[in-house]
Amino acid sequence: MTETAAENPGRTDATQMLALYPEMAGKVAVVTGAARGMGAAFTAGLATRGVNVVAADINEGQMSATADEINAELAERSLADKPGRVLGARVDVTKSDDHEALAQVALKEFGRIDFWINNAGIFPFALVEDISPEQISAVLDVNVEGVLFGSQAAARHMAEGSAIVNMSSVSAVRNRRGRGAYCTSKAAVAHLTQSLAVELGDKGIRVNAIAPGYIDTEMTRWVREDPAALANALDSVPLHRLGSPEEVFGPLLFLLSDSARYVTGHSIAVDGGSRHV
Ligand SMILES: NC(=O)c1ccc[n+]([C@@H]2O[C@H](COP(=O)([O-])OP(=O)(O)OC[C@H]3O[C@@H](n4cnc5c(N)ncnc54)[C@H](O)[C@@H]3O)[C@@H](O)[C@H]2O)c1
């Protein structure tokens, strides 16, 4: 999160987007899987824009440290407008009740819920012949049921004009050896996003997904640290580099914003063009 733009051209300062979407200040978001990676970057970016965030993760210790770090960084910066507050919380996204508890925290602390980002996910390896019953259950529980339960909790408490964003993946439409369970789960997220959009449209709630390609987080450390794997991965990226969490934040902001108020049921690829190779 602290890597500079000079070290990686994909890294940008979230304040660079401050001129966009002023209507977001004062709104309230719930972000799951927020202790690190994209969830942490989304939380920091939203709070920079004046959004109050309930940031939740199964890793309570790391979540609390990340929330403290983001709040401290925002307090030190001389932002033109008041930043939002980040409240760290624990959630196991496989538990429906945990989502409702999260919603209650957001309502008690901030009085409303405008945005819900179902971001938590896991990415285990196994060739399809070797996927165990436990592994397929775990992947579907976290990556698919987690999105369903989060969206159900959000829908119970959100007003018309609110928005949900789910994390799918380029893996929803591309196959990767050893990631059959994961690819299946992300294809399910893309489809579930459409089903949710159709039904929650009745309440004026929009539901979209983001389908990232190779984004530089802990989840893809194995790619970054293995030159052969990195070269192989970048062969399928027209922009010839990994993306950064901050580069996924921009499309997220758009999907949450009023600019996207007639956009629902879509997956936006943020993949450097890799789905076309
Ligand atoms: N990094 C990529 O290249 C990439 C590409 C496509 C899609 N995605 C998706 O984007 C999302 C974020 O990915 P990331 O790279 O930041 O991952 P990450 O592994 O860095 O972070 C995921 C977070 O989810 C949390 N989590 C896992 N299981 C949980 C549970 N049961 N309840 C609550 N929290 C839980 C983890 O503790 C972790 O903090 C995931 O859904 C992932 O599948 C990532």
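# A walk through the model, starting at S257

Select S257 and show what surrounds this residue: leaving out residues up to four places away in sequence, S257 touches Y21, E23, M24 and R206. Here a contact means heavy atoms within 4.5 Å. Before you click on, know that this is a predicted model, where local features need pLDDT of at least 70 and side-chain atom pairs count only at pLDDT 80 or more, while totals for chains, interfaces and linings use all residues. Residues are numbered from 1 along each chain as its sequence is written, and side-chain values use heavy atoms, with hydrogens and water left out.

Stay on S257 for a moment. You'll find S257 in the loop between α8 and β7 (267-270). The helices (H or I, at least four residues) and strands (E, at least two) are DSSP runs, numbered from the N terminus. Is S257 buried or exposed? S257 is buried, because its relative accessible area is 1%. Buried means under 20% relative accessible area, exposed means over 50%, and partly exposed is in between (1.4 Å probe, protein chains only). Now look at the S257 side chain, which reaches the backbone nitrogen of S259 at 3.1 Å.

**Next stop: H240**

Jump to H240, in the loop between α7 (227-235) and α8 (245-256). H240 counts as exposed because its relative accessible area is 60%. Check the backbone too: phi of H240 is near 60°, a positive value in a residue other than glycine. Most residues other than glycine have a negative phi.

**The ligand**

Now select the ligand. Which residues come nearest to the ligand? Of the 27 residues around the ligand, the nearest are R36, D57, N119, Y182 and T217. (To be near, a residue needs a heavy atom within 4 Å.)

Then show a few N and O atoms by turns:

- I215: a backbone N or O atom lies 2.8 Å from an oxygen atom of the ligand.
- K186: an N or O atom in the side chain is 3.0 Å from an oxygen atom of the ligand.
- I58: a backbone N or O atom lies 3.3 Å from a nitrogen atom of the ligand.

How much of the ligand does the protein bury? Taken alone, the ligand exposes 830 Å², and the protein buries 94% of that. These areas come from the Shrake-Rupley method with a 1.4 Å probe; for residues, only the protein chains shown count as cover.

**From K186 to S168**

K186 also leads to another stop, as it is among the residues that S168 touches. Beyond four places in sequence, the other contacts of S168 are V189, A190, A209, I210, A211 and P212. S168 sits in the loop between β5 and α5, and S168 counts as buried because its relative accessibility is 3%.

**The aromatic rings**

The structure holds two aromatic pairs. One of them joins F123 and Y182, edge-to-face, at 4.5 Å centre to centre with 80° between the planes. The pair links distant parts of the chain: F123 is in the loop between β4 (115-118) and α4 (133-157), Y182 is in helix α5, and they are 59 residues apart. Rings of Phe, Tyr and Trp (its six-membered ring) pair if their centres lie within 6.5 Å; planes under 30 degrees apart count as stacked, over 60 as edge-to-face and the rest as tilted. Both F123 and Y182 are buried.

Add W222 to your selection, and you have one aromatic cluster of F123, Y182 and W222. Now add R179, which lies over the face of F123, at 3.9 Å from the ring centre. R179 also lies over the face of W222, at 4.9 Å from the ring centre. For a charge to sit over a ring, NZ of Lys or CZ of Arg must be within 6 Å of the ring centre and within 35 degrees of the ring normal.

**Last stop: R85**

Finish at R85, in the loop between α2 (60-76) and β3 (86-90). R85 counts as partly exposed because its relative accessibility is 38%. Where does its side chain make a polar contact? Look for the side chain of E109, at 3.1 Å. A polar contact is a pair of N or O atoms within 3.5 Å; within protein, one must be able to donate a hydrogen and the other to accept it, and residues adjacent in sequence count only if both atoms are side-chain atoms. R85 and V53 are 32 residues apart in sequence, yet 6.2 Å apart in space, C-alpha to C-alpha.
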